[in-house]
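Q: Please take a close look at one part of this chain. Begin with a single residue in it and work outward from there.

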Amino acid sequence: AVGGASQQARKFYRHSLLPVIAQRIALSGTTEFAGNPVSGLVSFVGTTPETTILVTEATRPANLLLVASHGVQESVNAISDWFQSKRSVDRANPVVTTVFCDPVNPKQMKDAVTSWIALQRKACHGARLCIDATGGKKSMSMTAGMLAVTHQLELLYLDTEFDHALRAPRP
């Protein structure tokens with residue numbers, strides 16, 4: 001087998017379990033987003049792409065902004081691959097934009113997200129916009145919270161148990 005046990009477990013999770021979980025979320029129709037579509041979602045990306053994928057599947061945004069630090073290119077690639085592979089269930093894939101920021105520079109993140117929000121609001125008056133603060137470093141989550149308050153956006157957080165051996169959230 002290629003890779004260590006942790007790498008194999010993450011691959012199994014991402015390729016076997018994640019699609020099933022995402023499909024259940026998308027088909028459940030029980031999320032608060034089912035009848036009130038999200039126009040745009042800002043997601044702060046950390047070392048585990050799975051939470052961003054699950055929040056995106058639950059909210060089904062037309063547009064997705066990934067705010068990532070330079071050390072998480074693998075996560076950004078996994079998120080992009082997820083949507084490019086058409087694994088998302090029964091809907092068009094979001095238009096994905098990625099910005100790379102210094103995770104300890106809140107002003108840089110604020111400027112990037114504020115510009116994207118302005119574009120979303122200009123393109124669609126009354127757009128429902130949300131910020132997912134699940135991924136990324138604590139400083140990124142703090143910035144997400146401040147941006148949600150400043151721009152009067154819904155703040156989302158996917159609470160999962162973290163598997164320290166896998167270095168990923170448990171399904």
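A: Phe-44 has a relative accessible area of 0%, so it is buried, a label that applies under 20%. The model is predicted, and all that follows describes that model. Phe-44 belongs to strand β1, which covers residues 40-45.

The rest of the strand can be described in a similar way. In β1, 6 of the 6 residues are buried, so the strand is largely enclosed by the rest of the structure. Both of its faces are covered. On one side are Gly-40, Val-42 and Phe-44, and on the other are Leu-41, Ser-43 and Val-45, all of them buried.

Next comes the neighbouring strand. β1 runs parallel to strand β2 (residues 63-68), and 6 bridges join the two. Opposite Phe-44 in β2 stands Val-67. Val-67 is also among the residues that Phe-44 contacts when neighbours within four places in sequence are left aside. The other residues on that list are Thr-52, Met-109, Val-113, Ile-131, Asp-132, Gly-135, Gly-136, Met-140, Ala-144 and Leu-147. One of these, Gly-136, is 92 residues from Phe-44 along the chain, while the C-alpha atoms of the two are separated by 5.4 Å.

Val-45 also lies in strand β1. Its relative accessibility is 1%, so Val-45 counts as buried too. Val-45 and Val-67 are 22 residues apart in sequence, and their C-alpha atoms are 5.9 Å apart in space. With neighbours within four places in sequence left aside, the contacts of Val-45 include Leu-66, Val-67 and Ala-68, and β2 spans residues 63-68. Val-45 also touches Ser-69, Val-72, Ser-75, Val-76 and Ile-79. The remaining contacts of Val-45 are Thr-52, Gly-135, Gly-136 and Met-140, and these four residues also appear among the contacts of Phe-44.

Thr-52 leads to a helix. Helix α2 takes in residues 50-59 and is mostly covered, with 10 of its 10 residues buried. Thr-52 is one of these buried residues, along with others such as Ile-53, Leu-54 and Val-55. Glu-50 and Glu-57 are buried as well. After α2 comes Arg-60, which has a positive phi, near 50°.

Gly-135 and Gly-136 lead to a pocket. The largest pocket holds about 380 Å³ of space. It is lined by 18 residues, and those closest to its centre are Thr-48, Thr-134, Gly-135, Gly-136 and Phe-162. By type, the lining divides into 7 nonpolar, 10 polar and 1 charged.

Another contact of Phe-44 is Met-109, and helix α4 runs over residues 106-123. Asp-111 and Lys-107 both lie in α4, 4 residues apart, about one turn of the helix. An α-helix has 3.6 residues a turn, so residues three or four places apart point the same way. Asp-111 and Lys-107 form a salt bridge in which the closest N and O atoms are 2.8 Å apart. Asp-111 also forms a salt bridge with Lys-110, at 3.2 Å from N to O. Side chains of opposite charge can pair when their charged atoms come close. Unlike the strand residues above, these three are not buried. Lys-107 is exposed at 52% relative accessible area, because the exposed class begins over 50%. Asp-111, at 33%, is partly exposed, and Lys-110, at 38%, is partly exposed too.

The structure holds 3 salt bridges. One of them joins the side chains of Arg-128 and Glu-154, 2.6 Å from N to O. This pair links distant parts of the chain, with Arg-128 in the loop between α4 and β4 (129-132) and Glu-154 in strand β5 (residues 154-156), 26 residues apart. Arg-128 is buried at 11% relative accessible area, whereas Glu-154 is partly exposed at 27%. Lys-107, Lys-110 and Asp-111 are joined into one network by salt bridges that share partners.

Last, the chain as a whole. It has 5 helices and 7 strands, and from the N terminus on they run α-β-α-β-α-β-α-β-α-β-β-β. Of its 171 residues, 44% are buried. Among contacts with a separation of 6 or more, 72% are between residues 24 or more positions apart. The pair of Phe-44 and Gly-136, 92 residues apart along the chain, gives one example of such a separation.

Key
Residues numbered from 1 in each chain as written. Predicted model: local features only at pLDDT ≥ 70, side-chain atom pairs only at ≥ 80, totals over all residues. Heavy atoms only, no water. Buried < 20%, exposed > 50% of the residue type's maximum accessible area, 1.4 Å probe, protein only. 1 Å grid on protein atoms, 1.4 Å probe; cavity = no way out; pocket = protein on both sides within 12 Å on 5 of 7 lines; lining within 4 Å. Points joined across faces, edges and corners; volume = space filled by probe spheres on them. Nonpolar A, V, L, I, M, F, W, Y, C, P; charged D, E, K, R; others polar. Contact = heavy atoms within 4.5 Å. Salt bridge = Lys/Arg side-chain N within 4 Å of Asp/Glu carboxyl O. Pairing = 2+ DSSP bridges.
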